[in-house]
Every structure is written in structure tokens, then in C-alpha cells.
Amino acid sequence: MHGRPRKAPKPEDLAAFSAKAEKLRILQSQFLSNHHQKIYTKEAVELSAKLLEINPECYTAWNYRKLAVQHNLFESNLDPDAVNSILNDELRVVENALRQNFKSYGAWYHRKWVLNKGHSSIENELRLLDKLQNVDPRNFHAWNYRRFVAALLNRSDEDELNHTQDLIDKNISNYSAWHNRSVLVSNLMKKKVQAFSQKDEVLIREYELVRDAVFTDEDDQSGWFYHLWLLDQTVKAESPLLTSSWPAHGSDITLSGDRYLDLGSSPFNTYHFDSGSLLLILYFNQAVEGVNVSTVTVSSGFNVNKDVIWKPILSNNSKTAHVWVGQLKFPKVELDSLGAYTLEVTLGHSQGIISSGGFHYSHPSHFSFTVHVQPAKKEPVDGFGSEKISWRDENFHIYEPDSLQSDLVLPLDHLSIKNEHELSDSSWQEKIIDEEISNFRELLDCKIGKLTLARLLTARDALVSSDKSVHSEEVLRLYSELMKLDPPHSQFYKDEHSLILFEKVISGRESLLSYCFRYRNLTSSSSSNPICLRLNGLSLSRLGSFEKLLWVQMLDLSHNELRSIEGLEAMQLLSHLNLSKNKLGSFTSLESLRHLKSLKVLDLSYNEIGAHSVDTTRYLCSSPLCHSIGRSEWDGSEIVTDGVSLVSYWEAFFILKGLKLTQLDITGNAIADEKFTAFLAEVLPALKWLDGVQLN
Amino acid sequence: MGELVVDKHVKYILSVEKRKDSFESVVLEHLRMNGAYWGLTTLDLLGKLDALDSNEVIQWIMKCQHESGLLDLYSIMGGVAFCYAGGFAGNIGHDPHLLYTLSAVQVLALFDKLNVLDADKVANCILICFSSVTFEIVCPLFEILLFGSLKIKISSIPIQLIIGHPFLGLLNFMPDISGLQNEDGSFSGDEWGEVDSRFPYLAICCLSILHRLDKMNVEKAVNYIASCKNVDGGFGCTPGGESHAGQIFCCVGALAITGSLHHVDKDLLGWWLCERQVKSGGLNGRPEKLPDVCYSWWVLSSLIMIDRVHWINKDKLVKFILNCQDTENGGISDRPEDAVDVFHTYFGVAGSLMAFYYLLFHCKHFLKATRATNSTLNS
Ligand SMILES: [Zn+2]
């Protein structure tokens, strides 16, 4: 029931109501009896019409009428006059029902069903719709029905666009009409119909139109989403593109058989190498499939191409992934001698890499890098691998690259991939966005003005030709203002703010270096001093820009406001991760960890795991237990030990079971009681330190 | 801030059952199964499910299941009035429909009595009768049967036999068939072929509670839902249909259960959804519409499923819901000062609990009910 006032009925109305109810009850029982006995006489059919006029939602009565139509059509021997009369009767009943309830699914569907029989004049339907849409221009049943009728009539998208335009002209804040416009304009652009073949011209026209709507009444949401869609259309590249890689283009990598052996090379570029294989990481701007030895060529002094096994970093049941990882095996001979090898990776020269939207990777691109192999010493190196890591401030020392090493740091902000064919001219994009930026600078006293400007500036910075982060200060200021201006949605702006801040912090060599520290535990005997990227205490609520952090092995994100670490799975080299003192609410919010096969040290202490009854990341996590498909993979009744059933801790089990953690901190979470820590010790056999205590 | 007047809501729900002769009850008679789900789930959320005799409820539910399972052949022009074993009607005497089949299964799950069902039979009914291939398969089959004057139990016909029947192509002359032949994975609410993105959700939810999801072509259904996605991130009834909070709940729910939320643009949809919150704290179902307790629920649970619920102000939402309570006689309405009903009482109670208010109270019941509704975790 909607929109009926709450008041006790007057006594005189009460009698009327009960008479009405009695009448309806009798109608319903007579109708059901006709239905069950399959009586389709004129009187019986008329009775169902009476019932539907009072109660259009009685779905069984619509079913009955369909049966009656079929029965009577058959009886009529398909005599055209009789057929027309039968079907016209149905249309009349629907019209009456709609007058009673404009939103009756059953009535609208019945009309479609009758029309599908192909006997009635469809032109009448447009007239009827015009009448109904005049009364309620937002009724989505009527809009759906209009699309159905337009399809039956083979009306062109241009004609429908004109009709939609008329409705927008009549009332610029008709969201339904703007929606229909987005559907029609998308179609016309896809089909490259005359006047819609030049994307930039279409967009300029549409921007102008929707600007009118937004500027007419800035609180009216009708144009908001349309404008955002146009911006997306302006900047979105259709075909997928490689955004970054590890190793980066032009970099020098040292592969050491020892853990973090510092042999004078830059600690940024020294990687552990005991498996005899090198990881290659490809980061695409959209999720893609089809990365394999035939679509990606790896060439070097020795022929290793055939040996690369490419795997997607997948979440959910998706087939496509942003991140692909290749395992490159080095031939045994090369490992025994210290040497340097140049490797070149090329892709896009043949088809096969396809985005989830169905577009092919079509820009041939390549990157190359040099690998120095440093064979392992025979003696095992004592130290870093076996000692407890302490994340205390005094163990981190400002990193000052000496002049020799500074060159080696360069590749970090040198992420661009060489594209053999320059990307298509982006000057029209700049022009359009600059124009919109100057327009929206005049609408800064309201939230949609500020938000749209922030989005436009962000999009401008992201254009291929732009200097990155030019506008980030201004964008951050806009989001801060929005948080104050629109408190109910402050967390939304906070998340956007956090994404921009994160990107600003890690973009640019100077900024990034100021967050890089050397880890040196003064009480330790270890001589290895890895680089740690410390992004702690920045009040980050959300992370992004992972494509710039593929090189990181040690990361401190503690003392932030993170609720999720979605996207962190791209950082495939990560071995040490500090997430302490955040707002992580469940193990399902940590799904990314499952993909970090190098992870050894993890600090989850002082979060909110186990404190919330509503798990908001449950369905985003691709556990077989979250969804009932594939549940056979896992037997939930499994018992670990001492009566601790996996069922109670299945999330933790699912996230952690594949990791070879040596150190874990979980204290300060609601879930972390004695039983749980016993469970952890059981499922993580490699664990040496749990909550700072050494395990046997 | 007010309180959730628990006892009054319980009293209200129990009283609705007794007012069978009011005009509203008669008008809503055909969807009593939905009403049962809303009312009983509310009682369960409030920890008062034992106020009703579960056997009585279950007996009534089973009377709404269509059991005859006979193909009923009486009209050469269509003869689509076959009965299908397994589906549930909205009330005794009415036709079966997916909407009520889900409610029936949910109520049985609530009482932990799914064992009274033949799950395979219900699943087959959903997959055969309620999928829009029905018209392609069953209608020509009718003609074959007509010519042969046979009566066959539909559940006894293996589906492969029906699909592989050599006459199917030849006898395909029925007028109804042409417009409804869709291989697109869509679902219909009943045998009459209405297609809508609510139906894949109902089917997926129902089959997952019955642990029969493996019987359906999930990928096709998911692709159909993805085709209903709009440029504002939301979902409509059919491809091209306007985004609408109720449809979004169904589509996001179906994608969530099948592990396919990568089809959702979470930030875009999240912004659209969080902008449903209006000044009063309530949420509307579409831009520029009035707030409503039921839409508050659809939006809230969609935001939870895509992990963006922190983008709205939950305290203000709870305040709006509590303002819609009839604090005298119990029950919750769509908006403050409107007439209450069971539907909005359920969404109001569930919504305020979901928004973390009152959660410590009867948290156990709450979790049990969400499990019956949405999830598929071992029950
Ligand atoms: Zn409502």
C-alpha cells in the first residue's frame, strides 16, 4: 500500500468498506470456480473483467483471460471479425485496469501478450501511451511498453529520440526521458548513424543539452548521471591497453638467490630469486582475457619464450583480469654464472587479447629491461628470513639514494609503455574537458557543481598527454568541501578524496622517495636492509593506482581508515604487509591476500574483524562458500583440531590457507580469542611468530 | 531517537491474520504467500516466530503447491493451461508463479522444514515451466500430444526427450511462440512468458536455497542480467529499462549469489544508490521520487552487497523508518503518517536491523533470516 493516509475509518465508511469487501470476495470465489471448471462463457469472462477492474493485481484472473482468449479464438474458427472483437475486448479490460492501477505488472503484460498476437492496430498504442505519459511522465511501465511498441513498429531510434526530446523540452527534469535518451544515443553511436558518426560532435551537443538541465536546477538529479556518462564516453578508451609492467621499461633488475642481499645495487631493484624463475607482471587498464605465449612475446639472449606460463589474477567468477602474471624460467646454465640479460616483451602485434567489453588489444607495444643474475651462495644466509619483523618507527630510516644509485631509482616513475603507434589524437578530448571545466567553475556554490568539477579535473589529469596530478590539490580541496557541504554522503567523498591523495603521494619521484624507508632492526644481526614504502597515518580509506606500485615488496599501510584492500592483489612481489590499526571488518574484505603468494609477514592487529554482524564484503569475496556454485570444492564439516570446526572460521581459513606466512599479528580484533589463535597455528604450519610470540 | 516498538509490531502482524474480511485482505488475497513470508520473517527478526503454529502454516503452504502434474489438453490453439507439478501459488486455488514459489521455499527454510519438499520437483518446475524456453518446448509438445490424444505426467518426461523430439520443428506454427522465443537466458514469472530481470533473481535465489543451482545455466542468466545494466550503473526490468531500486536489488542479488558481482560498476552504482537518500533520511527508489520504507530496504541491501553502505547516513535512515511506525497499534507504513501494512512492516524492521540499529538485540535471529533470504550458506 502506498500513499494511503493512516487514520481510523469513520463508522459510516466502515459499513461501505465491508460491503465492498464482501462484493469482491464473492467475485473472487465465483471467478476461481469458473477458472477451475474451465468455463469461458460470455458471462464468466465478463465476471473476470469486473474483478480485474477492482483488483488489477489478481494475476490468476489475467491467466484465466488468456486461456479464455485462446479458447474463444479456437471456437471462432479464426473469423477476422470475431478475432478482432475478442482481442479488442482484452485491450479494453487492460485500459480499465490501468485506470485503477497504472503500475499493475499483470495488466501491462496482458496488453503485450494481446499485441503479440498481431491482430490489433499498433498505432493506437502510441496514442494511448501519449495520453498516459502525459499524466505520469515517469511511469517506467509505460516507458518499457513504449520501447516494446516502438520495436514492433520498427520505429527508428531517431524518431524515438525526437519523442524523448519533446518530453525533455516539456520538462527538463524528467529522469526517465534522460535515461531513454542515453539508451538511444548509445545505440545511434554504436551504429554510427548519420549525425552520430563523429563522436566528438555528438558529445559536444549532448554536453550542451545536459548542462542546461544541471544549471536550471542544480538540486535536480535528472542530468547528474547523464553528465557523468558523457564524461566517461569522452575519456574511455575502447580497446584495452597495457598500463604498466614489472619489471618496468628500461629498468635494471638484480635477482639474488639470497634474501635481500645488498651487493651494492639499488635495494629498489633487488629481488629474491630462489625458485629459479622470474615473475613478469602485466597491468592492463581494463580486465582482459587471452594473455598467453602466442599473444605476448618474450625474447632474450636465450630462448625462453615457450616456457612462460601466464596466469590471470582473478576474482569472482570473472574470466577476465586486470593483472596477468608470467613465470619465466631461466635455463640452468645461466643461473650458475653471474651475468646480465636483456629481455624484451612485445604484445598487441596479433589479435587475441580481448577486454571484457569485447574489444581487441590493438596497439602494438613493448618494454624491455635488463636482468642481473646473482647466484646464491652455498652457505645459507642467516638473518632476515628468520627474524621477527618489528614495524616500530625506530626501525625505519630515511632513504637517501647516493648519486650512483639515483639512476636506478628512475624506473619507478618511468612507467609508460612504449607504443609503436602513437595513440590517437587526444586534443579533442582536452578541448571538450577544458570547456566543461570552465563551465562548471561557475557552478561552485552547490554540491553537483563541485563534484562534477572534481571529476572533470581528475579526468583531465588522466589524459595521456597531461602532466599528472596537476590539479590534485584543487580536487582534494573540492572533496574536503563536499564532505562539509553534504554530511550524509561524507564517506563517499572521503573515499574519492583518499583515491586522489593516494595517487598524489605515490606519483612523482620526489614524493614517492619521501615515503621510502630502509628497514633496519638495530637489535638484529641481519645485514639486509630492504626498502619499505610507508604510507601509514595518511587517513586513507581507499587505495588505488596499484599499477604504480608493482615493484613494492614491503608496505606499511597501518594507522589508516581502510575498510577494504581491493586491488592490492596486483602487488605480486609483496612479502611484508602491515595493515594494523585500520577498519577492516572481516576476513572476506581481505580476499586480495589470497593472490599474494610471496607474502610472509602480515600484521592485521587492531582492526574490526569479527566485530560486525553484517559482512558487507561477503558477496565480493569469491569463496565457494559465499555462493552455492562450486560448493562441492570444500567440505564445511571438516574439523581442524580440538573440536574447532572450520565452519566457524571458514572466512579466515579461505583467505589464509594458501599463504606461507611466517609471521602474523591478529591481536586487537574481536575474533582473536584463544580458540582462534589455536586455529591459526593449525592452518598455518610455516608460522614462526604469532602475535609476537615465537611458536614451537 | 525513538525505539522500534517490537511488541506492538508483533501484535500487529498476528492481528492481520485475523482480519481476513477487511477490504485490504480481500484485495491482497492472491499474494497471501508473500504476506506470509513478510509477516513470518518479521516475527523471526523480532524473535517471536514461535507465536504461531508452524504446522498449521506449513500445511497451508503445501496446499498452495500444484501437485497434479498433468498436461491438460483441451485446446488445439494453445492448450497452455497445463498444470505443472511443484510450483506454488499465492493462495489456495490460484495459479502457481515464481514469486510465490520463492516465498514458499523461504518460509519453509525459516521453519527449517525444507525437508517436506521434493526439492528436485520444485527445481524442475522452475527450470522447465518458468523459463521462457517453455514456449519453444512445451507448446509444440502439446500439439504432439493432442494428435496422439495422450495424457502424460510432465515430470515423467525427461527434458532431453522433449528437446530432442523430431516433430518439434515441424509443428511450430503457434501464434504465441514467435514473439517469445528467446535464447537469451531470461526467465519468466510463469508459463505465460512475461520476461523481467526480477525473475532470474527469484529463480536463482530459490534454486540456491534448494541447493539446485547447478541444474541451471547460470552463465546465461547472468549475461541476461548484465544486458539490463544502464549507463547510470543501475539495472532495469528488461534491456533498455530505466534503473529502479527494486530491480537493482534483484539483479545485484542474483549476481551476488552466483559470484558474478564483477558485472557491477560498484562505484557508479554506489553513487546512484547513495544519492537515493533524501533530506528526511529515507531512501527513494528512483531520482526525484519520494522516500519510502520499502525502497529504503532495496537500496540499503544493494549497498551492502556491493560494500558501499557506508556512503549513506544510517542513523538518519533508521530515524526515518522509526518515524513511519504506528506507535499506537503497531506496523510500519511507506512514509510517516500513512497506513501501515505487512509488506512495509517487514522492510522497516529488516531495514532498521540491517542499518545496525538494534543489532545486538536478537542478532542471532537476524542472521538466520538473512541466511534464509539471501545466502546459501549451510542451513
Ligand atoms: Zn513502499
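How are α11(A) and α13(B) oriented to each other? The views below take up this and two further sites in a predicted model, in which local features need pLDDT of at least 70 and side-chain atom pairs count only at pLDDT 80 or more, while totals for chains, interfaces and linings use all residues. Residues are numbered from 1 along each chain as its sequence is written, chains are lettered from A and ligands numbered from 1 in the order in which they are written, and side-chain values use heavy atoms, without hydrogens and water.

**View 1. Helix α11 of chain A against helix α13 of chain B.** The axes of α11 (residues 224-235) and α13 (residues 266-274) come within 12 Å and cross at roughly 165 degrees; α11(A) and α13(B) are therefore roughly antiparallel (over 145 degrees). Trp224(A), Phe225(A) and Leu228(A) make the contact with Leu268(B), Trp271(B) and Trp272(B), where contact means heavy atoms within 4.5 Å.

**View 2. Ala177(A) in helix α9 of chain A.** Within this helix, which spans residues 175-190, Ala177(A) is buried, with a relative accessible area of 0% (buried means under 20%, with a 1.4 Å probe and protein chains only). Leaving aside neighbours within four places in sequence, Ala177(A) is in contact with Trp143(A), Thr164(A), Leu167(A) and Ile168(A).

**View 3. The zinc ion and its coordinating residues.** His2(A) (NE2), Asp292(B) (OD, listed twice), Cys294(B) (SG) and His344(B) (NE2) coordinate the zinc ion at 2.0 to 2.4 Å. Asp292(B), in the loop between α13 and α14, and His344(B), in helix α16 (residues 342-354) of chain B, are 52 residues apart, and both are buried.

Technical notes: Axes are lines fitted to C-alpha atoms, for helices over the stretch in contact, and angles run from 0 to 180 degrees between N-to-C directions. Helices (H or I, at least four residues) and strands (E, at least two) are DSSP runs, numbered from the N terminus. Angles under 35 degrees count as roughly parallel, over 145 as roughly antiparallel, 65 to 115 as roughly perpendicular and the rest as oblique. Buried means under 20% relative accessible area, exposed over 50%, partly exposed in between (1.4 Å probe, protein chains only). Donors are N, O and S atoms within 2.8 Å of the metal (3.2 Å for Na, K and Ca); water is not among the atoms, so sites may look incomplete.
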